[in-house]
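Below are my notes on the model, set out as numbered points. They deal with the ligand site and then with two places in the backbone.

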Amino acid sequence: MTALTETADKIKSMEIRGAGKIARAAAGALKEEALSIRTNDIKEFNKRMDEAYNLLYSTRPTAVSLPNALRAVMRYNAGTVAEARQAIVSNADAFIAGSENAVKRIGEIGAHRIKDGDTIMTHCNSSAAFSIFETAFKQGKKINVIATETRPRQQGYVTVDFLQKAGIPTTLILDSAVRYTMKKVDLVIVGADAITVNGSLVNKVGTSQVALAANEARVGFICAAETYKFSPRTLFGEMVEIEERDPAEVLCNELRMKWPNLRISNPAFDITPHKFIDMIITEIGAISPEMAYWVIKDKLGWELEETAEANVKGCDDEN
Ligand code: RUB
């Protein structure tokens, strides 16, 4: 097993999970692959890198950070293998460092939104959301974080583990207790797998229910998202694919055999409409969801050009 296939397997099996970590791991795997390919033939090298790209791309479908990271690393135009290798290594290093800085900056910006004594609800496990909690706590704000269990993979336990290790007062609740508990909450902060061009949020299934409950209770709903989680392809009308996962995550084998005709649906993510989101905290600032178009256009402009070119090329091919 190579470093590349090992990373692809870990993303697929969710040993590496969470949109930011997936993106950084994929960037690192492309770098390792570039360093390990033994050829002086640039065509052969490019072919092997394309295969690596495709393998990583196919691991999980929803987190837009993954294709954005892969494309950022694969932006090279080289005549020799040495040049190509150098460009990939420097692109990957820049992406990973930029991503880590973005999470840190989101923590600093987001902490301004937290008041001393706030009770904050979160769902699933998000490094960007945790960065905000940790920064606010280190600033001396006395916060209490309510973490949902997040069935079926219990990412809430990961969140609880982070929070407890950081010494932050934490309460764990069942997903079904969100609405009942909302009356004690001052603010909701969640992460993102993707932000669409109209500012809607794709995140762990159940996020939209948390947002609805927050809206009903007039509780602010904030999303923490690095700009590489914004989806350029949604500008061209493409939808973000919602990952459908194994029914075995929902019901044990014994019960599935007992009810052989039972259908099980296990979507891993859902979509929170922009009207339920008060603010998106990015590394370039706290913005309203309506500004998603500008982030895609200005911050991911290069990505957009390439997507547009690909679309035009696709049309020509069909004509
Ligand atoms: C993880 C999830 C997280 C986002 C943001 O889903 O929905 O909220 O990925 O995380 P899964 P981060 O566990 O299925 O990957 O802020 O760490 O990028």
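1. Helices and strands are named here as DSSP runs, with at least four residues for a helix (H or I) and at least two for a strand (E), numbered from the N terminus. The model is a predicted one, and the points that follow should be read with that in mind.

2. By that naming, P152 falls in the loop that runs between β2 (144–148) and α7 (155–165). The peptide bond joining R151 to P152 is cis, with omega at about 0 degrees, and a reader checking the backbone may wish to look at this place.

3. A second backbone feature concerns M14, which is found in the loop between α1 (3–12) and α2. Although M14 is not a glycine, its phi is positive, near 70 degrees.

4. Turning to the ligand, it sits in the largest cavity, and 18 residues surround it, of which R17, G20, S126, K204 and K229 come nearest. Among the elements of the shell, α2 (19–36), α6 (127–138) and β6 (201–204) each contribute at least two residues.

5. Both domains take part in the shell, since at least three of its residues are drawn from domain 1 (3–104) and at least three from domain 2 (105–299). By residue class, the shell comprises 6 nonpolar, 7 polar and 5 charged residues.

6. Which side chains place polar atoms 2.4 Å or 2.7 Å from an oxygen atom of the ligand? For R17 the distance from a polar side-chain atom to a ligand oxygen is 2.4 Å, while for S126 the corresponding distance is 2.7 Å. In the case of N203, an N or O atom of the side chain lies 2.7 Å from an oxygen atom of the ligand. The ligand taken alone exposes 460 Å², and the protein buries 100% of that area.

Definitions and conventions:
Residues numbered from 1 in each chain as written. Predicted model: local features only at pLDDT ≥ 70, side-chain atom pairs only at ≥ 80, totals over all residues. Heavy atoms only, no water. Near = heavy atom within 4 Å. Polar contact = N/O pair within 3.5 Å; in protein donor to acceptor, adjacent residues only side chain to side chain. Areas by Shrake-Rupley, 256 points an atom, 1.4 Å probe, with all protein chains shown as cover. 1 Å grid on protein atoms, 1.4 Å probe; cavity = no way out; pocket = protein on both sides within 12 Å on 5 of 7 lines; lining within 4 Å. Sits in = over half its atoms within 2 Å of the grid points. Nonpolar A, V, L, I, M, F, W, Y, C, P; charged D, E, K, R; others polar. Domains from an automatic or database assignment.
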